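Me: I would like to learn how to read a structure like this one feature by feature. Could you walk me through it at an easy pace?

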Amino acid sequence: MPIPRKMKNIPSVALFRMESFVNNDIKGELYNRFAADHKDILGAKALMDGIADLVNGINYPEPTVRYREFIPMDSECETYDREKPLYNLEDIGVNEGGIADFYILVESRNHANWQGTVYFVEQDETVSYQSEVELMAYVVKKSMEIIK
């Protein structure tokens, strides 16, 4: 299945290719159209961090609330020119080497939460989410369905 038209030209779309779901935790690769290489993902926190790096790196969508940080961050996130993507996410191909593909779109960042849409390729299903918790709950639920 191709990426939904709604997600085609929006810079804040990432592709999460799940490789395995073991001990109730996800493992896979995260792609965005601005980075030359994927990020290896081991766990839900790594997935959330990878998506946060993307949206912070392109500063899109802009957050309505800035987090206050009391502990210094280890490193700065990489910045990307959102006007110059390196490739289209569709060029990666569908489910090559993984068990499931999720296109994750962050449409807004309000009240220190993400809101957006996730497209589950294998079931041709699009679902909206109102927070990172809802997004992760959906990904984990669908992952559990796949391995059964």
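**Reading burial, contacts and backbone**

Reply: Happily. At 18% relative accessibility, Gly98 counts as buried, because the cut-off for buried is under 20%. Keep in mind as we go that this is a predicted model.

Me: Where is Gly98 found, and which residues is it in contact with once neighbours within four places in sequence are left aside?

Reply: Gly98 sits in the loop between H1 and S4. With those sequence neighbours set aside, Gly98 is in contact with Arg17, Met18 and Glu19. The C-alpha atoms of Gly98 and Arg17 are separated by 5.9 Å, although these residues are 81 apart along the chain.

Me: Arg17 has come up, so which side chain does the side chain of Arg17 join in a polar contact?

Reply: A polar contact calls for N or O atoms within 3.5 Å. Here the side chains of Arg17 and Asp101 are joined by one of 2.9 Å. Asp101 belongs to strand S4, which covers residues 100–110. Asp101 is buried, as its relative accessible area is 0%.

Me: Let us turn to helices. How do the axes of H1 and H2 cross?

Reply: For a helix pair, look at the distance between the axes and then at the angle. Helix H1 (residues 44–58) and helix H2 (residues 132–147) have axes that come within 11 Å and cross at roughly 125°. That angle makes H1 oblique to H2. The crossing of H1 past H2 is right-handed.

Me: Which residues make that contact, and how do they divide into nonpolar, polar and charged?

Reply: From H1 come Ala44, Leu47, Met48 and Ile51, while H2 supplies Glu132, Leu135 and Met136. The residues of this contact divide into six nonpolar, no polar and one charged.

Me: Staying with H2, is Lys142 buried or exposed?

Reply: Lys142, which lies in helix H2, is buried, with a relative accessible area of 7%. Not counting residues up to four places away in sequence, Lys142 touches Phe102, Phe120, Gln123 and Glu125.

Me: And in H1, is Gly57 buried or exposed?

Reply: Gly57 is part of helix H1, and its relative accessible area of 6% makes Gly57 buried. The C-alpha atoms of Gly57 and Tyr80 are 5.4 Å apart, with these positions 23 residues apart along the chain counted as their separation.

Me: Now the backbone angles. Which residues other than glycine have a positive phi?

Reply: When you look at phi, check both its sign and whether the residue is a glycine. Asn59 has a positive phi of about 50° and is not a glycine. Asn59 lies in the loop between H1 and S4. Asn59 counts as partly exposed, because its relative accessibility is 31% and partly exposed covers the range between 20% and 50%.

Reply: Asp124 is another such case, with a positive phi near 50°. Asp124 is in the loop between strand S5 (113–120) and strand S6 (125–129). At 47% relative accessibility, Asp124 is also classed as partly exposed.

Me: Last one: which two residues does a cis peptide bond join?

Reply: For a peptide bond, omega is the angle to read. The cis bond is between Tyr60 and Pro61, with omega about -10°. Pro61 is located in the loop between H1 and S4, and Asn59 is found in that loop too.

Me: Thank you, that gives me a clear order to work in.

Technical notes:
Residues numbered from 1 in each chain as written. Predicted model: local features only at pLDDT ≥ 70, side-chain atom pairs only at ≥ 80, totals over all residues. Heavy atoms only, no water. Helix = DSSP H or I, 4+ residues; strand = E, 2+ residues; numbered from the N terminus. Buried < 20%, exposed > 50% of the residue type's maximum accessible area, 1.4 Å probe, protein only. Polar contact = N/O pair within 3.5 Å; in protein donor to acceptor, adjacent residues only side chain to side chain. Axes fitted to C-alpha atoms, helices over the stretch in contact; angles between N-to-C directions. Parallel < 35°, antiparallel > 145°, perpendicular 65-115°, else oblique. Left-handed = near helix turned anticlockwise from the far one by under 90°. Contact = heavy atoms within 4.5 Å. Nonpolar A, V, L, I, M, F, W, Y, C, P; charged D, E, K, R; others polar.
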